[in-house]
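Grab a viewer and a pencil. Below are a few short exercises, each with a solution worked out step by step.

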Amino acid sequence: MNDVKLNMQDIARAGHVTRWHSVRCARNQTLAEHHYLVTMITRELMMRILGDALPAETRLLVLEYALTHDAPELLTGDLPSPLKRRIAEITGADDPLSRIEREIAPEIAARKSALAGSALALIVKLADLMDGCLFIHEEGIGRHAAMVAQKSEIALKHKIEEARAAFPNLDWSPVMELYSQMRGESGADNRFLFERAQPTE
């Protein structure tokens with residue numbers, strides 16, 4: 001399988017590969033949508049947490065990683081997180097999913113490796129969790145979806161605590177502030193503001 005590499009034909013299918021197939025949802029989320037939102041959330045979190053001092057090359061590396069972080073799913077499909085965790089527990093350092101990802105998308109594995117252990121890697125992971133939490137909260141249907149939404153938000157809060165412990169010199173409060181805004185719990189709702197706008201004539 002070493003000769004199988006993601007190509008532009010695969011990337012073009014990102015709008016057809018769906019996520020959350022194990023949870024009942026009002027609509028499908030595509031991999032393309034997920035990548036876009038994770039990238040936009042990552043961009044916002046970098047500004048709020050790190051300011052504008054990051055070199056342009058570093059910012060580009062982070063955004064490229066966010067934009068492609070789940071691209072191996074174009075060939076493997078979206079595996080539920082509990083299954084991924086169980087496979088990692090059973091196989092340890094020989095995790096076959098990680099090996100497959102390295103083989104089919106070596107450039108993404110290289111970006112991930114370059115960011116490993118950094119605050120930037122945590123920012124991308126937090127953005128990933130935020131998008132997941134938001135989608136399942138907004139689109140999930142039924143008791144199972146509600147349970148998954150609750151567990152997803154707990155995972156997000158645990159990851160924030162992990163970030164605080166690893167990088168106590170950084171202010172991680174913008175994560176929940178941004179998530180609250182994304183859920184419409186704080187900040188202006190431009191849809192309503194736009195609809196209430198009166199003609200100027």
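**Exercise 1. Cysteines**

How far is the sulfur of Cys-25 from the closest cysteine sulfur, and why is there no bond?

*Solution.* Keep in mind that we're working with a predicted model.
- Start from Cys-25: the closest cysteine sulfur belongs to Cys-133, and the gap is 13 Å.
- Now apply the cut-off: a disulfide needs two cysteine sulfurs within 2.5 Å, so 13 Å is too far for a bond.
- Go the other way round: from Cys-133, the closest cysteine sulfur is the one in Cys-25, again 13 Å off and too far to bond.
- Check the whole structure: the search turns up zero disulfides.
- One extra on Cys-133: its relative accessible area is 1%, so this residue is buried.

**Exercise 2. Overall layout**

Work out which elements the protein has, in what order they come, and how its radius of gyration compares with the globule rule.

*Solution.*
- Count the elements: there are eleven helices and two strands.
- Read them off from the N terminus: α-β-β-α-α-α-α-α-α-α-α-α-α.
- Compare the radius of gyration, 18 Å, with the 17 Å that the globule rule gives for 201 residues; the two are close, so the protein is as compact as a globular protein of that length.
- For the extents, the C-alpha trace covers about 65 × 40 × 35 Å along its principal axes.
- Turn to the contacts: taking those with a separation of 6 or more, 75% come from residues 24 or more positions apart.

**Exercise 3. Surface and charge**

Describe what the protein exposes, what share of its residues is buried, and how its charged side chains are placed.

*Solution.*
- Begin with burial: 37% of the 201 residues count as buried.
- Then take the surface: about 12100 Å² is exposed, and carbon and sulfur atoms supply 55% of that.
- Finish with charge: 24 side chains are positive and 29 are negative, with 5 Å between the centres of the two sets.

**Exercise 4. Two residues of helix 2**

Are Thr-39 and Tyr-36 buried or partly exposed?

*Solution.*
- Locate them: Thr-39 lies in helix 2, and Tyr-36 is found in helix 2 as well.
- Take Thr-39: its relative accessibility is 11%, and buried means under 20%, so Thr-39 counts as buried.
- Look at what surrounds Thr-39: once neighbours within four places in sequence are set aside, its contacts are Leu-63, Ala-66 and Leu-67.
- Take Tyr-36: at 49% relative accessibility this residue counts as partly exposed.
- Add a distance: the C-alpha atoms of Tyr-36 and Val-124 are 12 Å apart, though 88 residues separate the pair along the chain.

**Exercise 5. Positive phi**

Which residue has a positive phi of about 60° although it is not a glycine, and where is it found?

*Solution.*
- Recall the background: most residues other than glycine have a negative phi.
- Find the odd one: Trp-20 has a positive phi of about 60° and isn't a glycine.
- Place Trp-20: it's in the loop between strand 1 (18-19) and strand 2 (29-30).
- Check its exposure: with 16% relative accessible area, Trp-20 is buried.

**Exercise 6. Helix 10**

What do the buried residues of helix 10 pack against, and what follows the helix?

*Solution.*
- List the buried residues of helix 10 (residues 173-182): Pro-174, Val-175, Leu-178, Tyr-179 and Ser-180.
- Find their partners: these buried residues pack against helix 2 (31-50), helix 8 (119-139) and helix 9 (142-166).
- Step past the end: Gly-184 follows helix 10, and its phi is positive, near 80°.

Key
Residues numbered from 1 in each chain as written. Predicted model: local features only at pLDDT ≥ 70, side-chain atom pairs only at ≥ 80, totals over all residues. Heavy atoms only, no water. Buried < 20%, exposed > 50% of the residue type's maximum accessible area, 1.4 Å probe, protein only. Helix = DSSP H or I, 4+ residues; strand = E, 2+ residues; numbered from the N terminus. Contact = heavy atoms within 4.5 Å. Rg over C-alpha atoms; globule rule 2.2 N^0.38 Å. Areas by Shrake-Rupley, 256 points an atom, 1.4 Å probe, with all protein chains shown as cover. Lys, Arg positive; Asp, Glu negative; His and termini not counted. Charge placed at Lys NZ, Arg CZ, Asp CG, Glu CD.
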